[in-house]
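Grab a coffee and work through these exercises with the structure open beside you. Try each task before you read its solution.

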Amino acid sequence: MSVTASSSPSPFVTGVQPITETDAQIRGALAEAEIPPLLPALAYLTGDLALLRAELRPDPMMITLPQGGLTDDQQASAREIALAALIAYRDGGCRAAPPPSADDLLQILEFAVGGAGMGAYLPLLEEELAYRGEDRRGPGWCTAELAPDVGFSVVVIGAGMSGILAAHRLDQAGVDYIVLDKNLDVGGTWHESVYPGCRVDNPNHNYSYSFAQKHDWPFHYSTQDVLQEYFRECADSFDVRKNVRFGASVRSATWDETDATWTVVYATGDGVEHTVRANAVISAVGQLNRASWPTIDGIERFAGAYFHSAQWRHDLDLTGLRVAVIGTGCSALQFIPHVAEVAADVLVLQRTPPWIAPTPDYHDAVSPGLMWLYGHVPTYSELNRFSIFWKMGDAVLDGVRVDPAWQSDGSSVSAVSDFTRQMIVDYYTQQFGDRPDLLAKVVPDYPVGAKRIVRDNGIWATTLKRANVQLITDAIDHIDEDGIAMADGTHLDADVIIYGTGYQASNFLAPMQIIGRGGADLHERWGGDARAYLGVTIPEFPNLFCLYGPNTNIVVNGSIIYFSECGVRLVMGLLKSLVAGDHRSVEVKRDVHDAFNELVDAENRRMAWGWSSVNSWYKNSHGRVAQNWPFRLLDYWERTREPDLDDYEFVG
Ligand SMILES: Cc1cc2nc3c(=O)[nH]c(=O)nc-3n(C[C@H](O)[C@H](O)[C@H](O)COP(=O)(O)OP(=O)(O)OC[C@H]3O[C@@H](n4cnc5c(N)ncnc54)[C@H](O)[C@@H]3O)c2cc1C
């Protein structure tokens with residue numbers, strides 16, 4: 001088992017290449033630059049903060065627009081300044097200035113997003129930036145130094161993004177562990193979601209581990225195969241595969257009080273049950289890998305082929321067939337354009353239209369010039385990561401918070417929310433202006449952010465306007481042998497029905513049986529309403545830790561990887577006390593857990609997704625928002641950075 005210091009270099013970003021290109025080549029690359037992080041990167045590189053010209057500072061209200069809303073003239077000026085700085089850097093032997101002071105760094109970061117007063121974020125941002133492959137979120141301790149003779153072991157359930165991360169951290173700390181995954185490879189979501197068009201909707205320069213960043217993502221929003229390859233690369237280079245048992249589906253985990261261990265029972269593909277005991281269990285089973293089927297009568301009566309998008313039937317050729325698609329959520333908007341390319345007819349059945357975030361580069365490859373800049377301008381890629389982290393995270397949170405004084409017809413929650421709504425309605429109008437019949441159906445009547453926002457580069461309008469596509473908003477009554485019987489008495493014949501109806505997101509840790517202290521059954525305790533403290537720990541379930549657990553999902557498009565990195569850090573902090581041999585078990589105090597959940601619930605009710613009555617997978621069957629973190633990303637970081645030991649009961 002390898003034991004490495006927490007600041008071990010990443011195999012992914014290990015610096016940049018020296019610039020040897022001509023002035024003209026540099027100018028050519030700059031033509032394709034992402035402007036907002038460009039001058040900040042050069043200020044960092046040269047130490048010359050005068051490069052941060054006030055007139056070229058982005059407007060924070062416009063930062064989410066392409067090029068941060070900078071005008072063409074502003075962009076041209078920034079390119080000229082950058083050209084001169086890069087030529088000087090090249091001619092000076094590509095020597096970077098010493099890293100900036102904390103004050104200068106703050107100025108650099110604030111300029112990149114046009115923000116101010118971001119001082120509280122600085123330590124978090126330095127971790128996120130993780131210049132040149134640093135790893136600032138490692139455990140910072142290892143068993144060999146802490147308690148070499150204490151045998152302590154962990155079972156991690158799941159080898160997706162969170163499980164690979166947990167395994168890596170356990171490896172770094174020298175803790176014995178195994179990972180169990182029902183699948184035959186690592187990657188979780190990105191191994192399983194193989195429907196056509198599947199891609200991430202948070203740009204990859206942000207959707208990647210902070211300590212395993214890449215300069216050379218082929219797309220801004222990479223496709224499933226690229227992400228799967230990334231997580232495979234991570235598992236290989238962190239050397240965690242050696243401890244993964246694939247094809248191992250966990251059925252139960254039971255806490256044994258006498259020796260303070262968990263007994264985990266899992267089944268292999270041959271149906272044989274195996275048992276493994278460990279001092280702690282980390283659940284990394286995700287929220288979005290069990291398909292959710294709608295409750296429509298007669299699904300199984302349909303005589304043609306039918307399947308869920310999470311279990312795509314690649315063996316089924318849809319060419320020339322009449323295909324009905326139920327659902328218009330994120331997955332459906334990704335796969336319907338591909339189905340429409342080959343099917344004879346596509347009937348799109350929509351219950352609630354999604355809000356769309358206009359994203360012109362959604363399907364675009366990263367251009368060669370921009371890729372070159374990421375690979376040759378030190379810190380440019382990292383500052384671009386920061387810019388995305390900010391503008392798709394805390395910068396937009398206020399836009400989905402309810403203003404109690406706002407007079408609303410239900411379609412917005414504040415003046416900012418109404419402004420955003422108007423901007424997107426303008427986009428819809430521009431896209432569907434020639435088809436008023438469609439326009440009337442695609443504009444939502446609920447506030448932006450009440451459901452997951454979907455990205456679009458215009459392909460949705462192109463698809464819905466195709467002669468072979470119909471958008472149907474009438475209610476479904478039932479399914480029969482031939483297709484879909486509608487509530488108004490009409491019938492839609494279909495050869496194939498595809499269910500794009502999402503995942504059982506509220507069914508946390510299902511279908512495993514988890515028995516904790518005193519025989520407490522986790523799912524009985526939850527009663528369909530999962531809760532945890534900081535998404536990680538649950539009273540009565542000692543030494544059980546969840547990643548991507550209850551209330552650690554985000555709505556306005558941050559990255560779940562960030563949450564898992566913070567969550568794992570908290571887990572490693574708690575494990576440290578156990579590994580050190582001070583205690584046998586740790587469990588969150590009931591009152592701390594309950595008070596935290598009350599805070600979360602109160603804040604979620606003040607957010608668009610909790611306030612609106614629109615149906616969404618963010619709410620469980622009790623109507624409670626069990627998915628989302630309603631606070632700032634900074635708040636999660638602060639609360640998970642180190643465990644507050646007073647929050648927990650330590651035993652033994
Ligand atoms: C189509 C799609 C698009 C997405 N886009 C984004 C995005 O743009 N940005 C973003 O931040 N997030 C996105 N997500 C969320 C995504 O799930 C997370 O970002 C991330 O992949 C979660 O990783 P995870 O390891 O926590 O869970 P998962 O990736 O779901 O992995 C869980 C693993 O646990 C295993 N497992 C589950 N139950 C058991 C069991 N009982 N026994 C053994 N193994 C088990 C599974 O086989 C799986 O390998 C998307 C999800 C989907 C489905």
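For sorting residues here, Ala, Val, Leu, Ile, Met, Phe, Trp, Tyr, Cys and Pro count as nonpolar, Asp, Glu, Lys and Arg as charged, and the others, Gly among them, as polar. Keep in mind that you're looking at a predicted model.

**Exercise 1. The ligand shell**

Task: Describe the residues around the ligand, sort them by type, and find the side chains with polar contacts to a ligand oxygen.

Solution:

Step 1. Start with the count: 34 residues surround the ligand, and the closest are S162, D181, T189, D201 and Y207.

Step 2. Now sort them. The shell divides into 16 nonpolar, 13 polar and 5 charged residues.

Step 3. Which elements each supply at least two residues of the shell? They are α7 (161-172), α8 (189-192) and β4 (249-256). The largest share, 3 residues, comes from α8.

Step 4. Look for N or O atoms in side chains. In T189, such an atom sits 2.7 Å from a ligand oxygen. For N289 the distance is 2.8 Å, and for W190 it is 3.4 Å. On its own the ligand exposes 970 Å², and the protein buries 96% of that.

**Exercise 2. Three salt bridges**

Task: Take the pairs E127–R569, D135–R169 and D259–R277, place each partner, and decide whether it is buried or partly exposed.

Solution:

Step 1. A reminder before you start: side chains of opposite charge can pair when their charged atoms come close. Searching the whole structure turns up 41 salt bridges.

Step 2. Take E127 and R569, whose closest N and O atoms are 2.8 Å apart. E127 belongs to helix α5 (residues 122-129) and R569 to helix α17 (residues 560-579), so this salt bridge links distant parts of the chain, 442 residues apart. Both E127 and R569 are buried.

Step 3. Next comes D135 with R169, at 2.7 Å between the closest N and O atoms. D135 is in the loop between α5 and α6 (143-146), R169 is in helix α7, and 34 residues separate them. The cut-off you need is that buried means under 20% relative accessible area. D135 counts as buried because its relative accessibility is 5%, and R169 counts as buried because its value is 3%.

Step 4. Finish with D259 and R277, where the closest N and O atoms are 2.5 Å apart. D259 lies in the loop between β4 and β5 (261-267) and R277 in strand β6 (residues 273-278), so the pair ties together parts 18 residues apart in sequence. With 34% relative accessibility, D259 is partly exposed; R277, at 43%, is partly exposed too.

Step 5. Go back to E127 and R569 for a wider view: E127, E128, R137, R385, E565 and R569 are linked in a network of salt bridges.

**Exercise 3. A helix and its surroundings**

Task: Explain why helix α2 (residues 38-46) is described as largely enclosed by the rest of the structure.

Solution:

Step 1. Count the buried residues: 8 of the 9 in α2 are buried, so the rest of the structure largely encloses the helix.

Step 2. Name them. They are L38, L39, P40, A41, L42, A43, Y44 and L45.

Step 3. Ask what they pack against. The partners are α1 (23-30), α3 (72-91), α4 (102-113) and α12 (380-391).

Step 4. Check what comes after the helix: α2 is followed by G47, which has a positive phi near 75°.

**Exercise 4. Odd spots in the loops**

Task: Inspect the backbone at C94, Y548 and P511, then look at what S616 contacts.

Solution:

Step 1. Here's the background: most residues other than glycine have a negative phi, and most peptide bonds are trans.

Step 2. C94 isn't a glycine, yet its phi is positive, about 55°. You'll find C94 in the loop between α3 and α4, and it is buried, with a relative accessible area of 18%.

Step 3. Y548 isn't a glycine either, and its phi is positive at about 50°. Y548 sits in the loop between β19 (544-546) and α17, buried at 14% relative accessible area.

Step 4. A510 and P511 are joined by a cis peptide bond with omega about 0°. P511 is in the loop between β17 (496-499) and β18 (513-515).

Step 5. S616 is in the loop between α19 (608-611) and α20 (633-640). A polar atom of the S616 side chain lies 3.1 Å from the backbone nitrogen of Y618. Leaving out residues up to four places away in sequence, S616 touches A450 and K451.

Note on methods
Residues are numbered from 1 along each chain as its sequence is written. This is a predicted model: local features need pLDDT of at least 70, side-chain atom pairs count only at pLDDT 80 or more; totals for chains, interfaces and linings use all residues. Side-chain values use heavy atoms; hydrogens and water are left out. A residue is near a molecule or strand if one of its heavy atoms lies within 4 Å of it. A polar contact is a pair of N or O atoms within 3.5 Å; within protein, one must be able to donate a hydrogen and the other to accept it, and residues adjacent in sequence count only if both atoms are side-chain atoms. Accessible areas come from the Shrake-Rupley method with a 1.4 Å probe; for residues, only the protein chains shown count as cover. Helices (H or I, at least four residues) and strands (E, at least two) are DSSP runs, numbered from the N terminus. A salt bridge is a side-chain nitrogen of Lys or Arg within 4 Å of a carboxyl oxygen of Asp or Glu. Buried means under 20% relative accessible area, exposed over 50%, partly exposed in between (1.4 Å probe, protein chains only). Contact means heavy atoms within 4.5 Å.
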